[in-house]
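Please look over the sequence and the structure before reading on, and keep both in view while you follow the report.

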Amino acid sequence: MSSFSSWGPTDDGRIKPDISAKGVNMLSLGSSTDVTVGTKSGTSMATPNASGSLILLQQLYENQYNTFLKAATMKAIALH
């Protein structure tokens, strides 16, 4: 968790965030050329990290069992 992340709990007592992923100093492509790279931080880096990790699990499961995990299973994995 970074210093600028929401650490919870919320004002009404809920524990947040539900899901977190590394989003600080992530190597990312830049926009000035086709090969520009740099480090960036924020939800724009954490979101692809979390979703990319989950889709790799989905791909592994599909390769082994020739079917996809259900959305509820993926949610449970992410929350766990």
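The report below takes up an aromatic pair, a pocket and the surroundings of one lysine, all in a predicted model.

## The aromatic pair

A pair of aromatic rings is described by the distance of the centres and the angle of the planes. The structure holds 1 aromatic pair, and this pair is formed by Tyr-61 and Tyr-65, whose ring centres lie 4.6 Å apart while their planes make an angle of 40°. The pair counts as tilted, because this class takes in the angles that are neither under 30 degrees, which would be stacked, nor over 60, which would be edge-to-face.

Both residues belong to helix H1, which covers residues 43–65, and because they are 4 residues apart there, about one helical turn separates Tyr-61 from Tyr-65. Tyr-61 has a relative accessibility of 29% and so counts as partly exposed, whereas Tyr-65, with 52%, counts as exposed.

## The largest pocket

The largest pocket encloses about 280 Å³ of space. It is lined by 15 residues, of which Met-1, Ser-2, Ser-5, Ala-21 and Ala-46 are the closest to its centre. Sorted by class, the lining of this pocket consists of 7 nonpolar, 7 polar and 1 charged residues.

## Around Lys-22

Lys-22 is found in the segment that comes before strand S1, which spans residues 26–29. Leaving aside residues up to four places away in sequence, Lys-22 touches Met-45, Ala-46 and Asn-49. Lys-22 and Thr-43 are 21 residues apart in sequence, and the distance between their C-alpha atoms is 9.0 Å.

Methods: Residues are numbered from 1 along each chain as its sequence is written. This is a predicted model: local features need pLDDT of at least 70, side-chain atom pairs count only at pLDDT 80 or more; totals for chains, interfaces and linings use all residues. Side-chain values use heavy atoms; hydrogens and water are left out. Rings of Phe, Tyr and Trp (its six-membered ring) pair if their centres lie within 6.5 Å; planes under 30 degrees apart count as stacked, over 60 as edge-to-face and the rest as tilted. Helices (H or I, at least four residues) and strands (E, at least two) are DSSP runs, numbered from the N terminus. Buried means under 20% relative accessible area, exposed over 50%, partly exposed in between (1.4 Å probe, protein chains only). On a 1 Å grid over the protein atoms alone, a cavity is a set of points where a 1.4 Å probe fits but cannot get out, and a pocket is an open set with protein on both sides within 12 Å along at least five of seven lines; lining residues have an atom within 4 Å of a point. Grid points are joined across faces, edges and corners, and a volume is the space filled by probe spheres set on the points. Ala, Val, Leu, Ile, Met, Phe, Trp, Tyr, Cys and Pro count as nonpolar, Asp, Glu, Lys and Arg as charged, and the others, Gly among them, as polar. Contact means heavy atoms within 4.5 Å.
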